[in-house]
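Work through the exercises below with the structure open beside you, and try each task before reading its solution.

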Amino acid sequence: MACLSLSSMAFAPKESTLGLNYLNRSSSICLSQIEFGPIKKCRRVGFSVCRATLNGFPNIDADDFRHPLDKQNTLIMRAIPGLNELVKGVLGTVAETFMTLENMGTSVLVSEKQLPELHQLMVEAAEILKTEAPDLYVRQSPVPNAYTLAISGKKPFVVVHTSLVELLTRKELQAVLAHELGHLKCDHGVWLSIANIFILGAYGVPGLGGLIAQVLEEQLFLWLRAAELTCDRAALLVAQDPKFLFLLSVSDLNMDMWRECSRWSRLDSDLI
(Lines give C-alpha, C1' and ligand atoms only; values in the text may rest on other atoms or scores of the structure.)
Protein backbone atom coordinates (compact mmCIF):
# COMPACT_ATOMS: atom_id res chain seq x y z
CA MET A 1 0.00 0.00 0.00
CA ALA A 2 1.63 3.24 -1.00
CA CYS A 3 1.35 6.68 -2.43
CA LEU A 4 3.01 7.55 -5.71
CA SER A 5 5.73 10.18 -5.55
CA LEU A 6 5.68 12.53 -8.53
CA SER A 7 9.45 12.75 -8.87
CA SER A 8 9.78 8.99 -8.77
CA MET A 9 7.18 8.73 -11.54
CA ALA A 10 9.19 11.17 -13.62
CA PHE A 11 12.63 9.67 -13.11
CA ALA A 12 11.83 5.98 -12.62
CA PRO A 13 8.97 5.04 -14.94
CA LYS A 14 9.26 1.29 -14.44
CA GLU A 15 8.86 1.31 -10.68
CA SER A 16 8.39 4.13 -8.19
CA THR A 17 10.56 4.63 -5.10
CA LEU A 18 7.52 3.63 -3.03
CA GLY A 19 7.06 0.28 -4.71
CA LEU A 20 4.30 0.95 -7.23
CA ASN A 21 3.99 -1.90 -9.71
CA TYR A 22 3.09 -0.77 -13.23
CA LEU A 23 1.00 -3.13 -15.32
CA ASN A 24 1.08 -3.99 -18.96
CA ARG A 25 -1.32 -1.79 -20.93
CA SER A 26 -2.74 -4.85 -22.64
CA SER A 27 -4.16 -6.17 -19.37
CA SER A 28 -7.91 -6.49 -19.14
CA ILE A 29 -10.32 -6.97 -16.28
CA CYS A 30 -12.81 -9.77 -15.91
CA LEU A 31 -15.50 -8.41 -13.59
CA SER A 32 -16.92 -11.87 -12.99
CA GLN A 33 -13.69 -12.82 -11.20
CA ILE A 34 -13.87 -9.94 -8.72
CA GLU A 35 -15.39 -11.00 -5.42
CA PHE A 36 -14.72 -10.44 -1.75
CA GLY A 37 -12.98 -12.95 0.43
CA PRO A 38 -15.10 -15.33 2.51
CA ILE A 39 -17.25 -13.54 5.07
CA LYS A 40 -20.78 -13.84 6.30
CA LYS A 41 -23.31 -11.08 5.77
CA CYS A 42 -22.21 -8.14 7.87
CA ARG A 43 -23.37 -5.05 6.01
CA ARG A 44 -25.52 -4.04 8.97
CA VAL A 45 -22.57 -4.38 11.35
CA GLY A 46 -20.37 -2.30 9.06
CA PHE A 47 -22.90 0.50 8.94
CA SER A 48 -23.29 0.62 12.72
CA VAL A 49 -19.53 0.88 13.20
CA CYS A 50 -19.33 3.71 10.72
CA ARG A 51 -22.13 5.67 12.38
CA ALA A 52 -20.54 5.34 15.78
CA THR A 53 -17.23 6.51 14.38
CA LEU A 54 -18.82 9.46 12.62
CA ASN A 55 -20.17 10.65 15.94
CA GLY A 56 -16.79 10.14 17.59
CA PHE A 57 -14.68 12.23 15.14
CA PRO A 58 -16.84 15.22 14.11
CA ASN A 59 -14.13 17.56 12.76
CA ILE A 60 -11.07 15.41 12.33
CA ASP A 61 -8.07 17.03 10.66
CA ALA A 62 -5.08 15.33 9.05
CA ASP A 63 -2.77 16.65 11.77
CA ASP A 64 -4.94 14.97 14.41
CA PHE A 65 -3.64 11.54 13.42
CA ARG A 66 -0.29 12.32 11.80
CA HIS A 67 2.75 10.49 13.13
CA PRO A 68 5.03 12.97 15.01
CA LEU A 69 7.87 12.69 12.47
CA ASP A 70 5.42 13.07 9.59
CA LYS A 71 3.95 16.17 11.24
CA GLN A 72 7.39 17.66 11.92
CA ASN A 73 8.60 17.30 8.33
CA THR A 74 5.30 18.51 6.91
CA LEU A 75 5.46 21.67 9.04
CA ILE A 76 8.97 22.34 7.70
CA MET A 77 7.71 22.09 4.11
CA ARG A 78 4.64 24.22 4.87
CA ALA A 79 6.94 26.99 6.13
CA ILE A 80 8.06 27.63 2.51
CA PRO A 81 5.47 30.05 1.08
CA GLY A 82 3.64 28.94 -2.05
CA LEU A 83 5.37 25.55 -2.29
CA ASN A 84 2.21 23.51 -1.81
CA GLU A 85 0.27 25.47 -4.44
CA LEU A 86 3.18 25.32 -6.91
CA VAL A 87 3.51 21.54 -6.77
CA LYS A 88 -0.23 20.98 -6.95
CA GLY A 89 -0.62 23.44 -9.84
CA VAL A 90 2.32 22.27 -11.95
CA LEU A 91 3.30 18.69 -11.17
CA GLY A 92 -0.10 17.67 -9.80
CA THR A 93 -2.01 18.65 -12.94
CA VAL A 94 0.36 16.83 -15.28
CA ALA A 95 0.54 13.70 -13.13
CA GLU A 96 -3.21 13.58 -12.56
CA THR A 97 -3.93 13.84 -16.28
CA PHE A 98 -1.43 11.11 -17.10
CA MET A 99 -2.65 8.77 -14.37
CA THR A 100 -6.33 9.39 -15.18
CA LEU A 101 -5.76 8.35 -18.79
CA GLU A 102 -3.74 5.36 -17.57
CA ASN A 103 -6.53 4.29 -15.22
CA MET A 104 -9.23 4.72 -17.86
CA GLY A 105 -7.30 2.53 -20.28
CA THR A 106 -6.35 -0.30 -17.91
CA SER A 107 -8.86 -0.27 -15.05
CA VAL A 108 -12.55 -0.28 -14.21
CA LEU A 109 -14.04 2.78 -12.53
CA VAL A 110 -16.08 1.80 -9.47
CA SER A 111 -19.44 3.53 -8.97
CA GLU A 112 -22.90 3.00 -7.51
CA LYS A 113 -23.74 0.87 -10.55
CA GLN A 114 -20.32 -0.74 -11.04
CA LEU A 115 -19.16 -2.89 -8.10
CA PRO A 116 -21.52 -0.96 -5.76
CA GLU A 117 -20.43 -2.75 -2.58
CA LEU A 118 -16.83 -1.68 -3.12
CA HIS A 119 -18.06 1.83 -3.87
CA GLN A 120 -19.99 1.91 -0.58
CA LEU A 121 -16.91 0.87 1.40
CA MET A 122 -15.00 3.83 -0.02
CA VAL A 123 -17.83 6.29 0.64
CA GLU A 124 -18.16 5.14 4.26
CA ALA A 125 -14.41 5.40 4.90
CA ALA A 126 -14.30 8.89 3.36
CA GLU A 127 -17.20 10.04 5.53
CA ILE A 128 -15.46 8.84 8.70
CA LEU A 129 -12.21 10.62 7.79
CA LYS A 130 -14.11 13.75 6.73
CA THR A 131 -12.68 13.83 3.23
CA GLU A 132 -14.14 13.67 -0.26
CA ALA A 133 -14.35 10.18 -1.72
CA PRO A 134 -11.90 9.92 -4.66
CA ASP A 135 -12.40 7.96 -7.86
CA LEU A 136 -11.81 4.27 -7.18
CA TYR A 137 -10.41 2.00 -9.89
CA VAL A 138 -9.98 -1.77 -9.94
CA ARG A 139 -7.07 -3.10 -11.99
CA GLN A 140 -6.42 -6.72 -12.83
CA SER A 141 -3.17 -7.98 -11.35
CA PRO A 142 -1.99 -11.07 -9.46
CA VAL A 143 0.04 -8.81 -7.13
CA PRO A 144 -2.03 -7.62 -4.13
CA ASN A 145 -1.56 -3.85 -4.01
CA ALA A 146 -3.31 -0.52 -3.62
CA TYR A 147 -1.97 2.97 -4.30
CA THR A 148 -2.85 6.60 -4.84
CA LEU A 149 -1.18 9.69 -6.26
CA ALA A 150 -1.82 11.23 -2.81
CA ILE A 151 -2.64 14.72 -4.06
CA SER A 152 -6.04 16.23 -3.32
CA GLY A 153 -6.28 17.85 -6.74
CA LYS A 154 -9.06 17.98 -9.33
CA LYS A 155 -9.25 14.18 -9.88
CA PRO A 156 -7.91 12.32 -6.85
CA PHE A 157 -8.03 8.54 -7.19
CA VAL A 158 -7.25 5.22 -5.54
CA VAL A 159 -6.39 2.04 -7.42
CA VAL A 160 -6.78 -1.48 -6.00
CA HIS A 161 -5.73 -4.71 -7.67
CA THR A 162 -8.19 -7.53 -8.26
CA SER A 163 -6.07 -9.98 -6.25
CA LEU A 164 -6.36 -7.73 -3.20
CA VAL A 165 -10.14 -7.58 -3.52
CA GLU A 166 -10.30 -11.37 -3.73
CA LEU A 167 -7.99 -11.96 -0.75
CA LEU A 168 -9.55 -9.63 1.82
CA THR A 169 -12.86 -9.50 3.61
CA ARG A 170 -15.00 -6.39 3.38
CA LYS A 171 -13.76 -4.87 6.64
CA GLU A 172 -10.12 -5.63 5.79
CA LEU A 173 -10.53 -4.07 2.36
CA GLN A 174 -12.13 -0.98 3.87
CA ALA A 175 -9.11 -0.63 6.15
CA VAL A 176 -6.87 -0.67 3.05
CA LEU A 177 -9.03 1.98 1.37
CA ALA A 178 -8.86 4.09 4.54
CA HIS A 179 -5.06 3.79 4.50
CA GLU A 180 -4.98 5.22 0.97
CA LEU A 181 -7.45 7.94 1.97
CA GLY A 182 -4.99 8.85 4.72
CA HIS A 183 -2.33 9.51 2.08
CA LEU A 184 -4.77 11.75 0.21
CA LYS A 185 -5.98 13.64 3.26
CA CYS A 186 -2.37 14.31 4.31
CA ASP A 187 -1.25 15.27 0.78
CA HIS A 188 1.73 12.94 1.12
CA GLY A 189 2.23 12.97 -2.64
CA VAL A 190 2.96 16.72 -2.52
CA TRP A 191 5.42 16.77 0.35
CA LEU A 192 7.28 13.57 -0.50
CA SER A 193 7.63 14.68 -4.13
CA ILE A 194 9.18 17.95 -2.95
CA ALA A 195 11.60 16.01 -0.75
CA ASN A 196 12.57 13.81 -3.71
CA ILE A 197 13.19 16.91 -5.83
CA PHE A 198 15.44 18.37 -3.13
CA ILE A 199 17.47 15.14 -3.09
CA LEU A 200 17.86 15.16 -6.86
CA GLY A 201 19.01 18.79 -6.65
CA ALA A 202 21.55 17.94 -3.94
CA TYR A 203 23.13 15.30 -6.18
CA GLY A 204 23.81 18.05 -8.71
CA VAL A 205 25.81 20.15 -6.24
CA PRO A 206 29.60 19.74 -6.72
CA GLY A 207 31.72 18.53 -3.84
CA LEU A 208 29.63 17.55 -0.84
CA GLY A 209 26.40 17.33 -2.83
CA GLY A 210 26.45 13.53 -2.93
CA LEU A 211 27.01 13.26 0.83
CA ILE A 212 24.20 15.73 1.53
CA ALA A 213 21.90 13.80 -0.80
CA GLN A 214 22.62 10.53 1.03
CA VAL A 215 21.77 12.11 4.37
CA LEU A 216 18.55 13.51 2.89
CA GLU A 217 17.70 10.08 1.46
CA GLU A 218 18.03 8.51 4.91
CA GLN A 219 15.72 11.15 6.36
CA LEU A 220 13.29 10.64 3.48
CA PHE A 221 13.16 6.91 4.17
CA LEU A 222 12.29 7.61 7.81
CA TRP A 223 9.63 10.04 6.63
CA LEU A 224 8.18 7.41 4.29
CA ARG A 225 7.87 4.97 7.19
CA ALA A 226 6.27 7.68 9.35
CA ALA A 227 3.82 8.51 6.54
CA GLU A 228 2.79 4.86 6.35
CA LEU A 229 2.24 4.80 10.11
CA THR A 230 0.10 7.94 9.75
CA CYS A 231 -2.09 6.15 7.24
CA ASP A 232 -2.28 3.05 9.43
CA ARG A 233 -3.77 5.37 12.04
CA ALA A 234 -6.33 6.53 9.48
CA ALA A 235 -7.17 2.89 8.77
CA LEU A 236 -7.58 2.24 12.49
CA LEU A 237 -9.99 5.18 12.82
CA VAL A 238 -12.17 3.58 10.17
CA ALA A 239 -11.82 -0.07 11.19
CA GLN A 240 -12.13 0.66 14.92
CA ASP A 241 -10.39 -2.65 15.59
CA PRO A 242 -6.59 -3.18 15.61
CA LYS A 243 -7.18 -6.82 14.68
CA PHE A 244 -7.85 -5.91 11.05
CA LEU A 245 -4.54 -4.06 10.73
CA PHE A 246 -2.61 -6.99 12.20
CA LEU A 247 -4.35 -9.46 9.92
CA LEU A 248 -3.37 -7.38 6.89
CA SER A 249 0.29 -7.74 7.91
CA VAL A 250 0.41 -11.33 9.20
CA SER A 251 -2.45 -13.62 8.24
CA ASP A 252 -1.85 -16.25 10.96
CA LEU A 253 -0.91 -13.89 13.79
CA ASN A 254 -1.88 -15.08 17.28
CA MET A 255 -2.96 -11.84 18.95
CA ASP A 256 -2.75 -13.21 22.51
CA MET A 257 0.82 -14.43 22.03
CA TRP A 258 1.80 -11.15 20.39
CA ARG A 259 0.46 -9.15 23.33
CA GLU A 260 2.29 -11.44 25.77
CA CYS A 261 5.61 -11.04 23.92
CA SER A 262 5.12 -7.29 23.76
CA ARG A 263 4.49 -7.18 27.53
CA TRP A 264 7.68 -9.12 28.32
CA SER A 265 9.68 -7.02 25.86
CA ARG A 266 8.68 -3.88 27.74
CA LEU A 267 9.62 -5.49 31.07
CA ASP A 268 13.05 -6.53 29.73
CA SER A 269 13.74 -3.03 28.40
CA ASP A 270 12.85 -1.55 31.82
CA LEU A 271 15.26 -3.91 33.56
CA ILE A 272 18.07 -2.97 31.17
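## Exercise 1: A network of charges

Asp63 and Arg66 are joined by a salt bridge in which the closest N and O atoms are 2.6 Å apart. The model is a predicted one, and the task is to find out which residues are linked with this pair in a network of salt bridges.

*Solution.* Begin with the general idea that side chains of opposite charge can pair when their charged atoms come close. Next, look at the surroundings of the starting pair, where both Asp63 and Arg66 are buried. Then follow Asp63 to a further partner, for its side chain also meets that of Arg78 in a salt bridge, with 3.1 Å from N to O. Because Arg78 belongs to helix α4 (residues 68–78) and Asp63 to helix α3 (residues 62–65), this pair ties together parts that are 15 residues apart in sequence. Arg78 has a relative accessible area of 38% and is therefore partly exposed. Finally, put the pieces together: the network of salt bridges links Asp63, Arg66, Asp70 and Arg78.

## Exercise 2: A link between distant parts

Determine which helices are linked by the salt bridge between Glu117 and Arg170, and decide for each of the two residues whether it is buried or partly exposed.

*Solution.* First, check the contact itself, in which the side chains of Glu117 and Arg170 meet at 3.0 Å, N to O. Second, place the partners: Glu117 lies in helix α6 (residues 116–128) and Arg170 in helix α8 (residues 170–185), so that the pair, 53 residues apart, links distant parts of the chain. Third, apply the cut-off, under which a residue is buried if its relative accessible area is under 20%. Glu117, with a relative accessible area of 22%, is partly exposed, whereas Arg170, with 15%, is buried. A search of the whole structure finds four salt bridges.

## Exercise 3: Two cysteines

Explain why Cys186 and Cys231 are in no disulfide.

*Solution.* Recall that a disulfide is a covalent bond between the sulfur atoms of two cysteines. The nearest cysteine sulfur to that of Cys186 is the one of Cys231, 5.6 Å away, and for Cys231 the nearest is in turn that of Cys186. Because a disulfide is counted when the two sulfur atoms are within 2.5 Å, a distance of 5.6 Å leaves Cys186 in no disulfide. The structure as a whole holds zero disulfides. Both cysteines count as buried, Cys186 at 1% relative accessibility and Cys231 at 0%.

## Exercise 4: The span and surface of a helix

Check whether the span of helix α10 agrees with its number of residues, and find which element gives the most to the nonpolar surface patch.

*Solution.* Helix α10 has 31 residues (residues 209–239), and at 1.5 Å a residue these should span 45 Å; the end C-alpha atoms are 44 Å apart, which agrees. After the helix comes Gln240, which has a positive phi, near 60°. Turning to the surface, a nonpolar patch of about 700 Å² is made by Ile80, Ile197, Phe198, Leu208, Leu211, Ile212, Val215 and Leu216. Helices α9 (188–203) and α10 each supply at least two of its residues, and α10 gives the most, with four. One of the patch residues, Ile212, lies in helix α10 and counts as partly exposed at 45% relative accessibility.

Key: Residues numbered from 1 in each chain as written. Predicted model: local features only at pLDDT ≥ 70, side-chain atom pairs only at ≥ 80, totals over all residues. Heavy atoms only, no water. Buried < 20%, exposed > 50% of the residue type's maximum accessible area, 1.4 Å probe, protein only. Expected span 1.5 Å × (residues − 1). Patch = residues over 30% accessible without salt bridge, like charges linked within 9 Å, V, L, I, M, F, W, Y side chains within 5 Å. Areas by Shrake-Rupley, 256 points an atom, 1.4 Å probe, with all protein chains shown as cover.
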